[in-house]
Amino acid sequence: MKTNTSAMVVSHGEPHSLRLVTTDMPEPTPKEVRVKIIVAGVGWADIMARRGGYPLAPKLPFVPGYEFAGVIDEVGDEVSDFNIGDSVVGLNPKFGCYTQYLSISPELLVKYPKHLSAVKVCALSLNYLTAHCMLFSKAKIQPQQSILVHSAAGGVGSALAQLANQFGVRVFGTASSNKQETLEKLGVYPIDYNHNDFVQEVLSYCPSGVGAAFDSVGGEHLNCTVKTVKKGGIAVSYGFSGGSFGGLFKMISGVIQLYILNILPNGKSVDFCALPSEVDKNRQWYKDTLTSLISMLEQKKIDPIISSVVPLFQVHKAHEELESGKCIGKVLVQCAEITQG
């Protein structure tokens, strides 16, 4: 019988707590398809889950990974809109993508042209969807507005910058000194947060504040971010990591903080974006937006920055790279031979 190899978190801790586990090949139900995964994306939620700081993670042991791109190799009897050989990309709200084969509902899949890079397409399904949701669904950003993007050289940050630029939005972005050149290439006004007060820097250029700001840290950092937002503007949070590995206390504190910030009489609003729940709430938005992003990639309007593609058997190195804070763009895990793009 054919087997399937996955990278599994067997205990909470350092990157080496990821272990390769071989199991029987997953068989799709009549309403599922099986995908041979080419690449899976690595996100900060995976890091927090491995460290034990992500309350939404499955119980141990579990396979991390929200996003993937691959090829369908088996189709359930009741599935009519997908075929063996289709190139597909998707987001699995239940985790489980660091694996060679995945059985999944076709409701979570979007086809993409075979000539596109699976690596680039995979980067769309979490980072760019998150950025799109925050810009257009949460912040309802308008052309000619100014925004602040933290960690602007990262996966979500660079996606925010590219999408905002396509929409005629001025972007201020924070990053460490070694990433300033990347921000300039993205058309972002760079702010070195290690040597400058980002609040003072933004307000020196936009005295009334920016129309929207995007923060993945939470805590006091979010409080400072809100200070950069003008009256009538919005700050969108998409993480409560506190600059580390999260935890239940930080998540609860973050929810309370959002409530308090929203009742302050300053004319500003604060919202939160958690993409897996957004996908569960509105599958049609998810599929339509991901399809649109694929079209933008094909037209070269956006171009995901790829930091590295790490083989599945070295998955711990992918986590080490993301944890280091030195990577620029997206880190991915290669689960099968890359033959596209």
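Select Thr 99 to begin: this residue is buried, with a relative accessible area of 3%. The structure on screen is a predicted model. Thr 99 sits in the loop between S5 and S6. Show its surroundings, leaving out residues up to four places away in sequence, and the residues it touches are Asn 4, Thr 5, Ser 6, Ile 37 and Cys 335. For a sense of scale, add Gly 187, which is 88 residues from Thr 99 along the chain; the two C-alpha atoms are separated by 36 Å.

Keep Thr 99 selected and turn to the space around it. Which residues are the closest to the centre of the second largest pocket? They are Val 63, Gly 96, Thr 99, Tyr 101 and Leu 102, out of 15 residues that line this pocket. The space in the second largest pocket comes to about 250 Å³. Colour strand S1 (3-9), strand S2 (18-24) and strand S6 (101-104) next, since these are the elements that give two or more residues to the lining. Coloured by class, the lining shows six nonpolar, seven polar and two charged residues.

Now move to a pair of helices. Select helix H1 (residues 44-51) and helix H10 (residues 315-324), whose axes are 10 Å apart and which pack at an angle of about 105 degrees. How do the two lie relative to each other, roughly parallel or roughly perpendicular? The angle makes H1 roughly perpendicular to H10, because angles of 65 to 115 degrees are counted that way. To see the contact, show the side chains of Trp 44, Asp 46, Ile 47, Arg 50 and Arg 51 on H1, and those of His 319, Leu 322 and Glu 323 on H10. By class, this contact between H1 and H10 has three nonpolar, one polar and four charged residues.

Stay on H10 and pick out His 319, which belongs to this helix. Is His 319 buried or exposed? It counts as buried, because its relative accessibility is 0% and the cut-off for buried is under 20%. Residues up to four places away in sequence aside, His 319 touches Pro 15, Leu 18, Val 42, Asp 46, Ile 47, Arg 50 and Tyr 98. Among these, Asp 46, Ile 47 and Arg 50 are also on the H1 side of the helix contact.

Next, follow the chain to the loop between H1 and strand S4 (67-75), where Pro 61 lies. Look at the backbone here: Leu 60 and Pro 61 are joined by a cis peptide bond, with omega at about -15 degrees.

The next stop is Gly 76, in the loop between S4 and strand S5 (87-91). Gly 76 counts as buried, at 7% relative accessibility. Apart from neighbours within four places in sequence, Gly 76 is in contact with Thr 29, Pro 30, Glu 32 and Val 33. Draw a distance from Gly 76 to Asp 86: the two are 10 residues apart in sequence and 14 Å apart in space, C-alpha to C-alpha.

Finish with two backbone angles. Select Lys 140 in the loop between helix H2 (118-138) and strand S8 (146-149). Lys 140 has a positive phi of about 50 degrees, although it is not a glycine. At 55% relative accessibility, Lys 140 counts as exposed. Then select Ser 151, in the loop between S8 and helix H3 (155-166). Ser 151, a residue other than glycine, has a positive phi near 50 degrees. With a relative accessible area of 40%, Ser 151 is partly exposed.

Notes. Residues numbered from 1 in each chain as written. Predicted model: local features only at pLDDT ≥ 70, side-chain atom pairs only at ≥ 80, totals over all residues. Heavy atoms only, no water. 1 Å grid on protein atoms, 1.4 Å probe; cavity = no way out; pocket = protein on both sides within 12 Å on 5 of 7 lines; lining within 4 Å. Points joined across faces, edges and corners; volume = space filled by probe spheres on them. Helix = DSSP H or I, 4+ residues; strand = E, 2+ residues; numbered from the N terminus. Nonpolar A, V, L, I, M, F, W, Y, C, P; charged D, E, K, R; others polar. Axes fitted to C-alpha atoms, helices over the stretch in contact; angles between N-to-C directions. Parallel < 35°, antiparallel > 145°, perpendicular 65-115°, else oblique. Contact = heavy atoms within 4.5 Å. Buried < 20%, exposed > 50% of the residue type's maximum accessible area, 1.4 Å probe, protein only.
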